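Look at the chain below before reading on. The report then goes through its parts one topic at a time.

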Amino acid sequence: MKKKRNLSNKSQLGMIAYRFSKNKLAMFGLAVITVMIIMCVTAPLYIDYESVYKQSMADRFITPCAEHLLGTDQFGRDLFARIIYGGRISLLAGLVVVVIALALGVTLGGIAGYFGGRVDNIIMRICDIFMAVPRMLLSMAVVAALGQGTFKMLIALSIAAFPGYARTVRASIMTLRNQEYVEAAKCCGTGPARIIFKHVVPNGLGPVIVSATLGLGGTILAIASLGFLGIGVASPTPEWGTILSENRTNIRYYPYLGLVPGMFIAISVMCLNFIGDGLRDALDPRTKN
């Protein structure tokens, strides 16, 4: 039985991977994001960390050249170094926010969808309260209340993001909670927590994974927005939105100062959306390739 089950799982995962690989935009997005992550993770191997903060007024506003691939900013700091190290914060912080929000959303949504009734009403009304305020405005309010800082920004964005995941999980669980394998688990005396997190949630993760992938792009954009507004990652710590904010007064005369970080933000969000669309098509059994 175990061998048959493993073969069945492998064939199902194989079909998902095959459908995903047939989506050219999704594969392009995956390749670009992979290259960006590798460049950011391995940055200490080819970029001196001191160049991120080292100021040289004699080297101000150098346009892209062989010595400075993306030019320098108003303080003579190497823009390429700041972009790469800033990507470590933007991409990693975005991933952390999605993981925290997903953990909260899966837990609350799973409980609400499985038990229903009063429990469902209480949890969903709490989510409605958070969702009544626009996500960006809620994040700004939480950051203003907690104070500026990367860790506080992560908490703010996680609080603003988890209700959406909770609703997605709840919708998936409500379609699965009356399935035969759930009834069989109840007859065997299995506890609610084990049924929810071992039997029900894993079978309804498809839409959640797609939502999380698409949400990661939006989270990176939100982190950049908070940094640009000056309430996210504090300068001089490099982060794509903060880099844009630092150079906004000089963009008119030196366009590359705005185009480069803006391009990295746009490309990362676009590629993550491509990946999310590809996963949605691959996980949809009605998709024909």
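What follows describes the overall build, the cores, some helix pairs and a few single residues.

## Overall build

This is a predicted model. The chain holds 13 helices and zero strands. Its pattern along the sequence is therefore written with one symbol throughout, α-α-α-α-α-α-α-α-α-α-α-α-α.

The C-alpha trace spans about 75 × 45 × 30 Å along its principal axes. The chain has 289 residues, and 42% of them are buried. Of the contacts between residues at least 6 apart in sequence, 71% join residues that are at least 24 apart.

## The nonpolar cores

The largest nonpolar core has 47 residues. Leu70, Leu79, Ile83, Trp240, Val260 and Phe264 are the members with the most contacts inside this core. Two or more residues each are given to it by helix H1 (2-21), helix H2 (24-41), helix H5 (79-115), helix H6 (117-131), helix H8 (150-174), helix H11 (205-229), helix H12 (240-246) and helix H13 (256-283). The largest share is that of H13, with 11 residues.

Apart from this core lies another core, of 12 residues. Its members include Val106, Val182, Ile195 and Val200.

## Helix H11 and its partners

Helix H11 is made of 25 residues. From its first C-alpha to its last it reaches 35 Å, which is close to the 36 Å expected at 1.5 Å a residue. Gly230 comes just after H11 and has a positive phi of about 85 degrees.

Two packed helices are described by the angle between their axes and the distance between the axes. For H11 and H13 the angle is about 170 degrees, and the axes are 8 Å apart. An angle over 145 degrees counts as roughly antiparallel, so H11 is roughly antiparallel to H13. On the H11 side of the contact are Gly206, Ile209, Val210, Thr213, Leu214, Leu216, Gly217, Ile220, Leu221 and Ala224. On the H13 side they meet Ile265, Ser268, Val269, Leu272, Asn273, Ile275, Gly276, Asp277, Leu279, Arg280 and Leu283.

H11 also packs with helix H7 (residues 135-146), at an angle of about 50 degrees and with the axes 11 Å apart. This angle makes H7 oblique to H11. The crossing of the two helices is right-handed. H7 makes the contact with Arg135, Met136, Ser139 and Met140, and H11 makes it with Thr219, Ala222, Ser225, Leu226 and Leu229.

## Phe264 and Tyr256 in H13

Phe264 is in helix H13. Its relative accessible area is 17%, and a residue under 20% counts as buried, so Phe264 is buried. Leaving aside residues up to four places away in sequence, Phe264 touches Met36, Leu70, Ile83 and Trp240. Phe264 and Met36 are 228 residues apart in sequence, while their C-alpha atoms are 9.3 Å apart in space.

Tyr256 is also a residue of helix H13. Tyr256 is buried, with a relative accessible area of 11%. Not counting residues up to four places away in sequence, Tyr256 touches Phe61, Ile62, Thr63, Pro64, Leu70, Gly71, Thr72, Leu79 and Pro261. Leu70 is thus named in the contacts of Tyr256 and in those of Phe264. Asp48 lies 208 residues from Tyr256 along the chain, and the C-alpha atoms of the two are separated by 22 Å.

## Phe61 in a loop

Phe61, one of the residues touched by Tyr256, lies in the loop between helix H4 (50-53) and H5. Is Phe61 buried or exposed? With 15% relative accessibility, Phe61 counts as buried. Its phi is near 55 degrees, which is a positive value in a residue other than glycine.

## Arg170 in H8

Arg170 is found in helix H8. Arg170 has a relative accessible area of 19%, and so it is buried. Apart from residues up to four places away in sequence, Arg170 touches Gly109, Ala112, Gly113, Asp120 and Met124.

How values were computed: Residues are numbered from 1 along each chain as its sequence is written. This is a predicted model: local features need pLDDT of at least 70, side-chain atom pairs count only at pLDDT 80 or more; totals for chains, interfaces and linings use all residues. Side-chain values use heavy atoms; hydrogens and water are left out. A nonpolar core is a set of buried Ala, Val, Leu, Ile, Met, Phe, Trp, Tyr and Cys residues joined through side-chain atoms within 4.5 Å. Buried means under 20% relative accessible area, exposed over 50%, partly exposed in between (1.4 Å probe, protein chains only). Helices (H or I, at least four residues) and strands (E, at least two) are DSSP runs, numbered from the N terminus. Contact means heavy atoms within 4.5 Å. The expected span of a helix is 1.5 Å times one less than its number of residues. Axes are lines fitted to C-alpha atoms, for helices over the stretch in contact, and angles run from 0 to 180 degrees between N-to-C directions. Angles under 35 degrees count as roughly parallel, over 145 as roughly antiparallel, 65 to 115 as roughly perpendicular and the rest as oblique. A crossing is left-handed if the near helix is turned anticlockwise from the far one by less than a right angle, and right-handed if clockwise.
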